[in-house]
Amino acid sequence: MIVRKLQDILGTERDVQAKTWCSRRLLLAEDGMGFSMHHTVIYAGTETHIWYQNHLEGVYCVQGTGSVELLDSGEVFRIEPGTLYALNKHDNHMLRAETDLHLICSFNPPLVGTEVHDENGVYATAEQMKQAAA
């Protein structure tokens, strides 16, 4: 069994920081679950371009308000506590936070832990990261 507490991840390599967000990576590929799980905070007043071309993501909002815009269609969806959205088509999107958005996110395939968005909003796969490090 795996048991982790958020406070034990803060300030470790599993607490990944970026300009508009932080991602506390509770489960990663090395944990062998077949998915990764994160507590992500999108900072109030920011927008983040995301396009997971290599991953599927499910997102559940537990605190805060904002919106997600699908860039291909222009559709905008409100995010508030109790909202789930799933990027089941590798959707190119803009995530906007009115207040700090606290999101529980799961990824398939699982993240290895050090990923950050590239200039197109994409996370590399574990294999791509290995190749880049070689």
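# A guided tour, starting at the cavity

Begin by selecting Thr-40, Ile-42, Tyr-52, Glu-57 and Cys-105: of the 17 residues that line the largest cavity, these lie nearest its centre. What you have open is a predicted model, so please read each stop as a description of that model.

**Stop 1: the cavity**

With those five residues shown, look at the space between them. The largest cavity has a volume of about 130 Å³, and the count of cavities of 30 Å³ or more comes to one. Rolling a probe the size of a water molecule over the atoms shows where empty space is left.

Which strands supply at least two residues each to the lining of the largest cavity? Colour strand E2 (21-27), strand E3 (36-42), strand E5 (56-63), E9 and strand E10 (101-108), and you have them.

**Stop 2: the whole chain**

Now zoom out and switch to a cartoon view. The protein has two helices and ten strands. Following the chain, you pass a helix, then the strands, and end on a helix, in the pattern α-β-β-β-β-β-β-β-β-β-β-α. Of the 134 residues in the protein, 44% are buried.

If you turn on contacts, consider those with a separation of 6 or more: 61% of them are between residues 24 or more positions apart. Switch to a surface and you are looking at about 7300 Å² of exposed area, with carbon and sulfur atoms supplying 54% of it.

**Stop 3: the six-stranded sheet**

Go back to the cartoon and pick out the six strands that form an open sheet in the order E1-E2-E3-E10-E5-E8, with antiparallel pairing. Why do strand E1 (15-17) and strand E8 (84-87) each have one side without a neighbour in the sheet? Both stand at the edges and each has a single partner strand, so one side of each is left without a neighbour. Look along the sheet to see its twist: neighbouring strands are turned by 20 degrees against each other on average, direction ignored.

Inside this sheet, select E3 and E10. They run antiparallel and are joined by seven bridges. Show the side chains of His-38 and Cys-105 too, since His-38 stands opposite Cys-105 in E10. You have met Cys-105 already, as one of the residues nearest the centre of the largest cavity.

**Stop 4: the four-stranded sheet**

Next, select the open sheet of four strands, which has the order E4-E9-E6-E7 and antiparallel pairing. Strand E4 (47-51) and strand E7 (76-79) stand at the edges here, and each has a single partner strand, so one side of each lacks a neighbour in the sheet. From one strand to the next, the twist averages 20 degrees.

Stay with E4 for a moment. Its pairing with strand E9 (residues 92-97) is antiparallel and spans five bridges. Two pairs are worth showing as sticks: His-49 stands opposite Met-94 in E9, and Ile-50 stands opposite His-93 in E9.

Which side chains of E4 are buried, and which are not? They alternate along the strand: Thr-48 and Ile-50 point to one face and are buried, whereas Glu-47, His-49 and Trp-51 point to the other face and are not.

**Stop 5: from Ile-50 to Asp-118**

Keep Ile-50 selected and add Asp-118. The two are 68 residues apart along the chain, with their C-alpha atoms separated by 9.0 Å. Asp-118 lies in the loop between E10 and helix H2 (126-133), and its relative accessible area of 35% makes it partly exposed.

The loop between E10 and H2 also holds Pro-109. Display the backbone there: a cis peptide bond joins Asn-108 and Pro-109, with omega about -5 degrees.

**Stop 6: another backbone detail**

Move to the loop between E8 and E9 and select His-90. Its phi is near 55 degrees, a positive value in a residue other than glycine. Is His-90 buried or partly exposed? At 32% relative accessibility, His-90 counts as partly exposed.

**Stop 7: Ile-9**

Finish in helix H1 (residues 6-9), where you will find Ile-9. With 3% relative accessibility, Ile-9 counts as buried. Leaving aside neighbours within four places in sequence, Ile-9 is in contact with Arg-4, Arg-14, Asp-15, Arg-24, Arg-25 and Leu-26. Draw a distance from Ile-9 to Arg-24 as your last step: they are 15 residues apart in sequence, and 6.7 Å apart from C-alpha to C-alpha.

Notes: Residues numbered from 1 in each chain as written. Predicted model: local features only at pLDDT ≥ 70, side-chain atom pairs only at ≥ 80, totals over all residues. Heavy atoms only, no water. Buried < 20%, exposed > 50% of the residue type's maximum accessible area, 1.4 Å probe, protein only. Contact = heavy atoms within 4.5 Å. Areas by Shrake-Rupley, 256 points an atom, 1.4 Å probe, with all protein chains shown as cover. Pairing = 2+ DSSP bridges. Axes fitted to C-alpha atoms, helices over the stretch in contact; angles between N-to-C directions. 1 Å grid on protein atoms, 1.4 Å probe; cavity = no way out; pocket = protein on both sides within 12 Å on 5 of 7 lines; lining within 4 Å. Points joined across faces, edges and corners; volume = space filled by probe spheres on them.
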